[in-house]
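User: I would like to go through the strand pairing and one helix of this chain step by step. Please reason from the structure shown below.

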Amino acid sequence: MPRPTGRVLTLLELLQSGGTRTVAELADRLGVEGRTVRRYVHQLIDLDVPVESVRGRYGGYRLAPGYRLPPLMLSDDEALAVLLGLVAGRRAGLTTTERTANETAAAKIRRVLPRHLAHRLDALLEALDFTDRPGEFDTPDAGVLLALADAVRHRRPVSIRYTDRDGRRSDRTLHAYGIVAHAGRWYVTGKDARIGEDRTFRLDRIAEARPQPGSFEAPVGPGPAERVVSGFATAAYRHEVTVRIHGTVEQIRARLPAGVASLAEDEPAADQDRAAERWLRVEIRAERLDWLPPVLAALDRPFVIERPDDLRDLVLAHADRLASYARPPRP
């Protein structure tokens with residue numbers, strides 16, 4: 001059971017999170033009675049922490065505006081959560097252009113931790129390993145990321161300076177719907193005001209983002225994440241692939257997710273189970289075809305290649321290689 005001093009510090013943390021907290025809410029979070037909450041509040045006031053009492057139906061306690069918070073205090077669980085979050089963010093590429101910020105933040109947290117806890121967390125990070133290897137990603141500028149986030153929250157147009165994958169630069173006005181982290185990269189999706197169509201942009205290719213006057217209405221329909229993923233599947237690439245595969249949606253999506261392929265489902269008959277295997281049309285746009293034969297083989301489902309012919313040749317070559325590997329060695 002936490003000691004009274006620990007509960008007083010927990011009360012301070014709850015008040016630091018902002019807003020007015022009712023006595024009932026605080027009592028429930030601390031596991032004490034209402035009169036005990038009031039006693040803890042008086043202890044904070046004795047320590048010169050400016051806790052204000054708010055009267056009325058929605059009254060309670062809050063910290064005085066402008067109060068400068070004391071030094072950072074983290075419990076063991078909070079410190080572990082922060083450090084693991086920093087490690088995971090670095091490995092996933094979800095950092096800003098200040099590549100050292102992740103490491104310096106972790107070092108600062110370690111320095112303010114009690115020695116016994118710091119040693120235990122260091123031991124965990126040294127013992128921890130991952131099944132995947134960290135990739136190298138171009139990361140966005142922190143100022144651009146925060147400017148776009150503000151534009152999304154307040155539904156304000158924002159002008160961006162963008163460089164596409166071919167190196168062409170352009171200035172655009174964007175009605176940003178949301179920011180999405182996908183496969184180690186940051187994206188912003190919204191309407192390009194000049195052409196009046198939805199577009200998705202990589203944040204690391206945006207050099208500048210400036211808010212513009214005005215506002216716009218949030219669109220109805222799919223959310224930002226779904227818009228980004230579906231946009232990948234329908235983007236213009238060198239090859240347009242159409243394959244009919246016999247199987248269930250779940251079997252196909254296990255190897256060809258929505259960000260890679262679009263699936264055209266035939267409406268099943270009234271007496272047919274939606275989860276039953278049937279022929280489904282799969283469309284893929286890709287810069288290269290060499291990765292597709294192993295994926296189709298891994299599906300282990302009957303398929304028919306409709307286009308392009310080059311993919312059919314690659315699948316035959318892949319099948320020949322597998323057959324040669326399966327033959328017994330010659331004496």
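User: Over how many bridges do strand S4 and strand S5 pair?

Analyst: The model is a predicted one. In it, strand S4 covers residues 169-182 and strand S5 covers residues 185-192. His182 of S4 stands opposite Arg185 in S5. The two strands pair in the antiparallel sense, and the number of bridges is 8.

User: Which strands stand at the edges of the open sheet?

Analyst: The sheet has 5 strands with antiparallel pairing, in the order S6-S5-S4-S3-S7. Each edge strand has a single partner strand, so one side of it is left without a neighbour in the sheet. The edge strands are S6 (197-202) and S7 (206-211).

User: By what angle are neighbouring strands of this sheet turned against each other on average?

Analyst: The order to follow is S6-S5-S4-S3-S7. With direction ignored, the average turn between neighbouring strands is 45°.

User: Which residue takes a positive phi in the hairpin of S1 and S2?

Analyst: Strand S1 (residues 51-54) and strand S2 (residues 60-63) run antiparallel and are joined by 4 bridges. Val51 has Leu63 in S2 as its bridge partner. Between the strands lie 5 residues, and the one with a positive phi, near 110°, is Gly56.

User: What arc do the buried residues of H5 cover around the axis?

Analyst: Helix H5 spans residues 101-112, and its buried residues are Asn102, Ala106 and Ile109. They lie on the same side of H5 because the arc they cover is only 60°.

User: Which exposed residues does the opposite face of H5 carry?

Analyst: The buried side of H5 holds Asn102, Ala106 and Ile109. The face turned away from that side carries the exposed residues Lys108, Arg111 and Val112.

Technical notes. Residues are numbered from 1 along each chain as its sequence is written. This is a predicted model: local features need pLDDT of at least 70, side-chain atom pairs count only at pLDDT 80 or more; totals for chains, interfaces and linings use all residues. Side-chain values use heavy atoms; hydrogens and water are left out. Two strands pair if DSSP finds at least two bridges between them. Axes are lines fitted to C-alpha atoms, for helices over the stretch in contact, and angles run from 0 to 180 degrees between N-to-C directions. The expected span of a helix is 1.5 Å times one less than its number of residues. Buried means under 20% relative accessible area, exposed over 50%, partly exposed in between (1.4 Å probe, protein chains only). The arc is that of the directions from the helix axis to the C-beta atoms.
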